[in-house]
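Hi,

Here is the structure I promised to pass on to you. Have a look at it first, then read my notes below.

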Amino acid sequence: MAARQYYYQSATAEATTTATADTTVATLTFTPDDNSDYIILWSALSRGQSGINDSRVKLTQGTTATLNAINMENSAALATEVIAMYGAAVATFGVAPGSQNFLIRHSAEAGTTATSTQGVNIKDVHLIAIKLATSDAYFYATATQSSTTSTSYQNAATLSFTPSATGSYL
């Protein structure tokens with residue numbers, strides 16, 4: 001298998017904010033090929049400080065286009081517990097896309113618990129962009145939300161494909 005084109009950025013040091021507005025923690029900058037698709041994968045470890053129940057983390061393209069976001073709701077008793085957050089998005093580019101910025105941003109939730117002495121922390125942030133080949137099979141829904149009242153697992157998305165050769169697939 002030929003090597004894949006990819007770009008990577010990390011920010012491993014712990015960052016703290018008490019702001020309810022987004023604060024950028026890591027930025028992945030690259031110039032995609034013309035007429036291409038990239039999968040953007042990210043992960044981070046987040047925790048609230050005592051009294052803060054919500055920590056918000058999001059992946060954005062630039063500073064305004066949110067590709068996905070997580071709002072960690074935890075109990076006050078677990079406010080300092082470290083939670084792994086992660087996500088993925090597919091970015092599609094046309095002719096001459098120019099330099100692109102993908103950011104991991106975080107903030108504290110607005111409300112009476114967000115004071116100047118209580119904040120949220122984030123560390124071990126990783127971003128990777130992998131160029132997708134035309135033969136790649138994937139399913140990515142941008143604005144789909146599903147819910148159920150069932151106590152059994154339900155299908156939210158399905159991907160079916162026939163591999164072109166025997167091997168391992170991710």
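D22, K58 and R105 are linked in a network of salt bridges. A salt bridge here is a side-chain nitrogen of Lys or Arg within 4 Å of a carboxyl oxygen of Asp or Glu. Please keep in mind that this is a predicted model, where local features need pLDDT of at least 70 and side-chain atom pairs count only at pLDDT 80 or more, while totals for chains, interfaces and linings use all residues. Residues are numbered from 1 along each chain as its sequence is written, and side-chain values use heavy atoms, with hydrogens and water left out.

Back to that network. K58 pairs with D22, and their closest N and O atoms are 3.1 Å apart. This pair links distant parts of the chain, with K58 in strand β5 and D22 in the loop between β2 and β3, 36 residues apart. (Strands are DSSP runs of E with at least two residues, and helices are runs of H or I with at least four; both are numbered from the N terminus.) The side chains of R105 and D22 also meet in a salt bridge, at 4.0 Å from N to O. That pair links distant parts too: R105 is in strand β8, and 83 residues separate it from D22.

How open are these residues? I call a residue buried under 20% relative accessible area, exposed over 50%, and partly exposed in between (1.4 Å probe, protein chains only). D22 is partly exposed because its relative accessible area is 27%. R105, at 12%, counts as buried.

By the salt-bridge rule, the count comes to five. Another one of them joins E14 and R47, with the closest N and O atoms 3.4 Å apart. E14 lies in the loop between β1 (6-11) and β2 (15-17) and R47 in strand β4, so this pair ties together parts that are 33 residues apart in sequence. Both partners are partly exposed: E14 has 41% relative accessibility, and R47 has 22%.

Right beside R47 in the numbering is S46, also found in strand β4 (residues 36-48). Is S46 buried or exposed? At 1% relative accessibility, it counts as buried. A polar atom of the S46 side chain lies 3.3 Å from the backbone oxygen of N121. If you leave out residues up to four places away in sequence, S46 touches S55, V57, M72, E81, V82, I83, M85, N121 and I122. Touching, or contact, means heavy atoms within 4.5 Å.

Now for the inside. A nonpolar core is a set of buried Ala, Val, Leu, Ile, Met, Phe, Trp, Tyr and Cys residues joined through side-chain atoms within 4.5 Å. Which members of the largest one touch the most other members? Of its 22 residues, they are I40, W42, L59, F102, I104, V125 and L127. The elements that give two or more residues to this core are β3 (23-30), β4, β5 (54-61), β7 (83-93), β8 (100-108) and β9 (120-131). Try clicking on I104: leaving aside neighbours within four places in sequence, its contacts include W42, L59, V125 and L127. K58, from the salt-bridge network, is also in contact with I104.

A few loop residues are worth a look as well. N35 sits in the loop between β3 and β4, and its phi is near 50 degrees, a positive value in a residue other than glycine. N35 is exposed, at 57% relative accessibility. A96 also has a positive phi near 50 degrees without being glycine. You will find A96 in the loop between β7 and β8, and it is exposed, with a relative accessible area of 58%.

The loop between β7 and β8 also holds S99, which is partly exposed at 49%. What does S99 contact, leaving aside neighbours within four places in sequence? The answer is T29, F30 and T31. The C-alpha atoms of S99 and F30 are separated by 5.5 Å, although the two are 69 residues apart along the chain.

Last stop: the surface. F139, L159, F161 and Y169 make a nonpolar patch of about 420 Å². Such patches are made of residues with over 30% relative accessible area and no salt bridge, with nonpolar side chains (Val, Leu, Ile, Met, Phe, Trp, Tyr) joined within 5 Å and like charges within 9 Å. Accessible areas come from the Shrake-Rupley method with a 1.4 Å probe, and for residues only the protein chains shown count as cover. Y169 is in the segment after β9 and counts as partly exposed, at 46% relative accessibility.

Cheers

Key. A polar contact is a pair of N or O atoms within 3.5 Å; within protein, one must be able to donate a hydrogen and the other to accept it, and residues adjacent in sequence count only if both atoms are side-chain atoms.
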